[in-house]
Amino acid sequence: MRTRATITLTTALLTTLVACSSSSDDKADTPNSSRTTAAETPTTTPRAPDAVELERVADTYVSLYFGGVGEAAYAFLSKRCRAKADPATYAATVDQAAKDYGPDHPATDVHATVSGAMGRVSYKVTGLPKFDQQGQPWRVEGGAWKYDAC
């Protein structure tokens, strides 16, 4: 099951890297002799993370948490939550959750609502109804969703 969590984490990280990087061949198409002013230069505005992205991120977080991948799950915490838990303590908590419950508890019925840089996620944790969430808070930091329920 750790393989699943690792694959999910790798997919999430690659998706984030692809979404954050941009390459433009527009400059290659522009002749060197033309002058472009700042007003004419096309700009791209990064798309704000939406509800679909929040649902995907929350699902990944749950897989990492119950998969015992503490370091990777810690990266999903908001700055406010990271200030309350040092990485080693958090990793130990995640490791204990994996030992207590096992890794086979994916999130299901994941639904998110977003308002600006704030989001709320509701989901069920397979086989562990006591961990089901309703309106779990998340926030956008640095262009990415971060868990903010600390």
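Which side chains meet in a salt bridge at 3.2 Å, N to O, with Asp95 as one of the partners? The partner of Asp95 is Lys99, and the legends below start from the whole chain before zooming in on this and other spots. This is a predicted model, in which local features need pLDDT of at least 70 and side-chain atom pairs count only at pLDDT 80 or more, while totals for chains, interfaces and linings use all residues. Residues are numbered from 1 along each chain as its sequence is written, and side-chain values use heavy atoms, with hydrogens and water left out.

**Figure 1. The protein has 6 helices and 4 strands.** Here, helices (H or I, at least four residues) and strands (E, at least two) are DSSP runs, numbered from the N terminus. Follow the chain from the N terminus and you meet the elements in the order α-α-α-α-α-α-β-β-β-β. Of the 150 residues, 34% count as buried; buried means under 20% relative accessible area, exposed means over 50%, and partly exposed lies in between (1.4 Å probe, protein chains only). The protein exposes about 9500 Å², and carbon and sulfur atoms supply 55% of that area, as computed by the Shrake-Rupley method with a 1.4 Å probe, where for residues only the protein chains shown count as cover. Among contacts (heavy atoms within 4.5 Å) between residues at least 6 apart in sequence, 55% join residues at least 24 apart.

**Figure 2. Asp95 and Lys99 meet in helix α6.** Helix α6 covers residues 87-101, and the two partners sit 4 residues apart in it, about one turn of the helix. Their contact counts as a salt bridge because a side-chain nitrogen of Lys or Arg lies within 4 Å of a carboxyl oxygen of Asp or Glu. Asp95 is partly exposed, at 26% relative accessible area, whereas Lys99 is exposed, at 61%. A search of the whole structure finds 6 salt bridges.

**Figure 3. Arg56 forms a salt bridge with Glu53.** The closest N and O atoms of this pair are 2.5 Å apart. Both residues belong to helix α3, and because they are 3 residues apart there, about one helical turn separates them. Arg56 is partly exposed, with 27% relative accessibility, and Glu53 is also partly exposed, with 24%.

**Figure 4. Arg80 forms a salt bridge with Asp148.** The closest N and O atoms are 3.2 Å apart. Arg80 lies in helix α5 and Asp148 in the segment after β4 (144-147), so the pair ties together parts that are 68 residues apart in sequence. Is Asp148 buried or exposed? Asp148 counts as buried, at 6% relative accessibility, while Arg80 is partly exposed, at 38%. Leaving aside its neighbours within four places in sequence, Asp148 is in contact with Ser78, Arg80, Cys81, Pro137, Trp138 and Arg139.

**Figure 5. The second largest pocket has a volume of about 280 Å³.** Of the 17 residues that line this pocket, the closest to its centre are Tyr61, Tyr65, Tyr90, Tyr147 and Ala149. Two or more lining residues come from each of α3 (51-66), α5 (79-84), β2 (118-125) and β3 (133-141). The largest share, 4 residues, comes from α3. The lining divides into 14 nonpolar, 2 polar and 1 charged residues; Ala, Val, Leu, Ile, Met, Phe, Trp, Tyr, Cys and Pro count as nonpolar, Asp, Glu, Lys and Arg as charged, and the others, Gly among them, as polar. How is a pocket found? On a 1 Å grid over the protein atoms alone, a pocket is an open set of points where a 1.4 Å probe fits, with protein on both sides within 12 Å along at least five of seven lines, and lining residues have an atom within 4 Å of a point. Grid points are joined across faces, edges and corners, and the volume is the space filled by probe spheres set on the points.

**Figure 6. Ala107 and Asp109 both have a place in strand β1.** The strand covers residues 107-115. Ala107 counts as buried, at 11% relative accessibility, and touches Asp59, Val62, Tyr123 and Lys124, not counting residues up to four places away in sequence. From Ala107 to Leu128 the distance is 9.9 Å, C-alpha to C-alpha, with their positions 21 residues apart in sequence. Asp109 is partly exposed, at 46%. Its phi is near 50 degrees, a positive value in a residue other than glycine. Most residues other than glycine have a negative phi.
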